[in-house]
Amino acid sequence: MKAKPEPYKIKMVEPIRLIPRSQREARLQSAHYNIFNLKSDDVFIDLLTDSGTGAMSDSQWAGIMLGDESYAGSRSFYRLEQTCREIFGHEYIVPVHQGRGAENVLFSLLIEPGQAVIGNYHFDTTQAHIELKKGLGVNLVVEEAFDTAREHDFKGNIDTGRLADMIQREGAGRIAFILLTVTCNSVGGQPVALENIRQTRRLADRYGLRLFLDAARFAENAWFIKLREEGYAAKSVTEIVREMFACADGFVMSAKKDGLVNIGGLIGIKSDRDLYNRVRARMVPLEGFPTYGGLAGRDLEALARGLREVVDESYLEARTTQVAFLAGKLAELGVPIQQPAGGHAVFVDAGKFLPQIPPHQFPGQALACQLYLEAGIRGVEVGSFMLGRDPITGQQRFSPLEFLRLAIPRRVYTDNHMAYVAEALGNIYRRRDSVRGVRIVEEEAVLRHFTARLEMV
Ligand code: F0G
């Protein structure tokens, strides 16, 4: 059989509704052309994020009823700890309320003012937490990532040559640690090869540096390794995950993605007991006692079950096939996208789509507005608007790529929804010459894209 149906059926549905065009215009205007200000009731298909927006399974919902709500030593925590040890092979597991909670706790212990955190490409909250600790985030993803038309199996790889140069030039003392984001969200949900993780590990060892994974989408990354990297076709995703994590000293994870839950996160530490003790101590004032970490016992239970479900290969195949389905439809219509399709999203190259709009008028944001007006679909800009200003000079930073990200929630939408999204973008593509840019009217200093007000140029 060529057709590969999803390995689940739908037990519960949530109605969605498309409000008329005139209302979409009014809503976007009162949202100040910032799609974060839209009410979800005014959105028809929501591709703002794949974070916390997935559908839980019947088993996860059943687990919710079994959650142990004890403040300390919750049974649900021990089940989660056991699951994580089995899947990741790390000894110490600490739950947190979400990924940025993990960043806050760990980074506050490991970054000295002025130190760099080198990675493939830090996510925006990661970059913000590095900067809040007076550190410097450095992105050394491979050059291929910036050529959206170019096919490359592992556009999330870090450039190990530049990494070695930078460590030698700066000296290991000026570097807090290395952080590899798997998959690499900011360049299109692109995977990192195991060989690349291994090479990074060797460099870390040579210079006495720690290597962490930002593992929000670890299972999607492992799936791509199985499909694309030589020598892994016969290995199971579970084995590949083990190999990936064996290279790292620890990890931070937003469990809202591949944890298949609506809230939650993790810190993992492979074996460093001293670091674990420091994390535990820091947990109490920031996230909560280390056996609940800002979550309810039921959340821990749902997460333990989600982590087992996400490494199921038939699930991962259906998941990535849907993302590739949307990418394929868009490519047929001529819409420029990051090739190949990522694990969690299709990234439209808004810079190429709207060449008449200069970077300071944010083509990705302009396209996000158009997509909402056209069809009630919400995507998100990943480009210079999100990147924001240099924390020292206050100057607008420019992203090498201006994307509109269409992030697909897990187990939520059907391929029909995706066909509708593709058709809408195709319509805009045909009238792309008439699309105008946007400009910022009001903004905050850190993570401005969540709250800024904009207007159409
Ligand atoms: N790291 C990566 C790679 C992420 O994609 C995210 C969140 C985080 C860390 C922070 O985790 O949201 O649980 O605090 N990404 C979401 C997104 C918000 O839309 O890509 P969080």
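# Close-up views of a predicted model

**View 1. Strands S9 and S12 in the three-stranded sheet.** Strand S12 (residues 403-407) and S9 run antiparallel and are joined by five bridges. The coordinates shown in this and the other views are those of a predicted model. Val346 has Leu406 as its bridge partner in S12. Helix H12 (residues 313-332) packs on the sheet, where H12 touches both S9 and S12. The direction of H12 makes about 25° with that of S9.

**View 2. The three-stranded sheet as a whole.** This sheet is open, and its strands follow the order S9-S12-S11 with antiparallel pairing. Strand S9 (345-349) and strand S11 (380-382) are the edge strands, each pairing on one side only. On average, neighbouring strands here are turned by 35° against each other, direction ignored.

**View 3. The seven-stranded sheet.** A second view of strand pairing shows an open sheet of seven strands in the order S2-S8-S7-S6-S5-S3-S4, with mixed pairing. S2 and strand S4 (136-139) each have a single partner strand, so one side of each lacks a neighbour in the sheet. The average turn between neighbouring strands of this sheet is 20°, direction ignored. Strand S6 (residues 211-214) and strand S7 (residues 250-254) run parallel and are joined by three bridges. Asp214 stands opposite Val252 in S7.

**View 4. Edge strand S2 and its partner S8.** S2 and strand S8 (residues 265-269) run antiparallel, with five bridges between them. Tyr92 is placed opposite Ile269 of S8. Strand S2 (residues 92-96) is largely enclosed by the rest of the structure, because five of its five residues are buried. Both faces of S2 are covered. On one side lie the buried residues Tyr92, Val94 and Val96, and on the other the buried residues Ile93 and Pro95. S2 is thus an edge strand with one side left without a neighbour in the sheet, yet its residues are buried.

**View 5. Helix H5 and its surroundings.** Seven of the nine residues of helix H5 (residues 124-132) are buried, so H5 is largely enclosed by the rest of the structure. The buried residues are Asp124, Thr125, Thr126, Gln127, Ala128, His129 and Ile130. Their cover includes the helices H4 (99-110) and H15 (384-387). It also includes strand S3 (116-119), S4, strand S5 (175-181) and S6. After H5 comes Lys134, which has a positive phi near 65°.

**View 6. Packing of helices H3 and H9.** Helix H3 (residues 75-88) packs against helix H9 (residues 237-246) at an angle of about 90°, and the two axes are 7 Å apart. An angle of 65 to 115 degrees counts as roughly perpendicular, and H3 and H9 are therefore roughly perpendicular to each other. H3 contributes Arg85, Glu86, Ile87 and Phe88 to the contact, and H9 contributes Val241, Arg242 and Phe245. Of the residues in this contact, four are nonpolar, three are charged and none is polar.

**View 7. The salt bridge between Glu243 and Lys235.** The side chains of Glu243 and Lys235 form a salt bridge with an N to O distance of 2.7 Å. Buried means under 20% relative accessible area, so Glu243, at 18%, is buried. Lys235 counts as partly exposed, with 28% relative accessibility.

**View 8. The salt bridge between Arg305 and Glu301.** The side chains of Arg305 and Glu301 meet in a salt bridge of 4.0 Å, N to O. Arg305 and Glu301 are four residues apart in helix H11 (residues 297-310), and are therefore separated by about one helical turn. An α-helix has 3.6 residues a turn, so residues three or four places apart point the same way. Glu301 is buried, with a relative accessible area of 1%, while Arg305 is partly exposed at 25% relative accessibility. Elsewhere, Asp50, Arg217, Glu220, Asp258, Arg319 and Arg410 are joined into one network by salt bridges that share partners.

**View 9. The salt bridge between Arg150 and Glu144.** Arg150 and Glu144 form a salt bridge in which the closest N and O atoms are 3.7 Å apart. Arg150 is partly exposed, with a relative accessible area of 41%. The count of salt bridges in the model comes to 33.

Notes: Residues are numbered from 1 along each chain as its sequence is written. This is a predicted model: local features need pLDDT of at least 70, side-chain atom pairs count only at pLDDT 80 or more; totals for chains, interfaces and linings use all residues. Side-chain values use heavy atoms; hydrogens and water are left out. Axes are lines fitted to C-alpha atoms, for helices over the stretch in contact, and angles run from 0 to 180 degrees between N-to-C directions. Helices (H or I, at least four residues) and strands (E, at least two) are DSSP runs, numbered from the N terminus. Angles under 35 degrees count as roughly parallel, over 145 as roughly antiparallel, 65 to 115 as roughly perpendicular and the rest as oblique. Contact means heavy atoms within 4.5 Å. Ala, Val, Leu, Ile, Met, Phe, Trp, Tyr, Cys and Pro count as nonpolar, Asp, Glu, Lys and Arg as charged, and the others, Gly among them, as polar. Buried means under 20% relative accessible area, exposed over 50%, partly exposed in between (1.4 Å probe, protein chains only). Two strands pair if DSSP finds at least two bridges between them.
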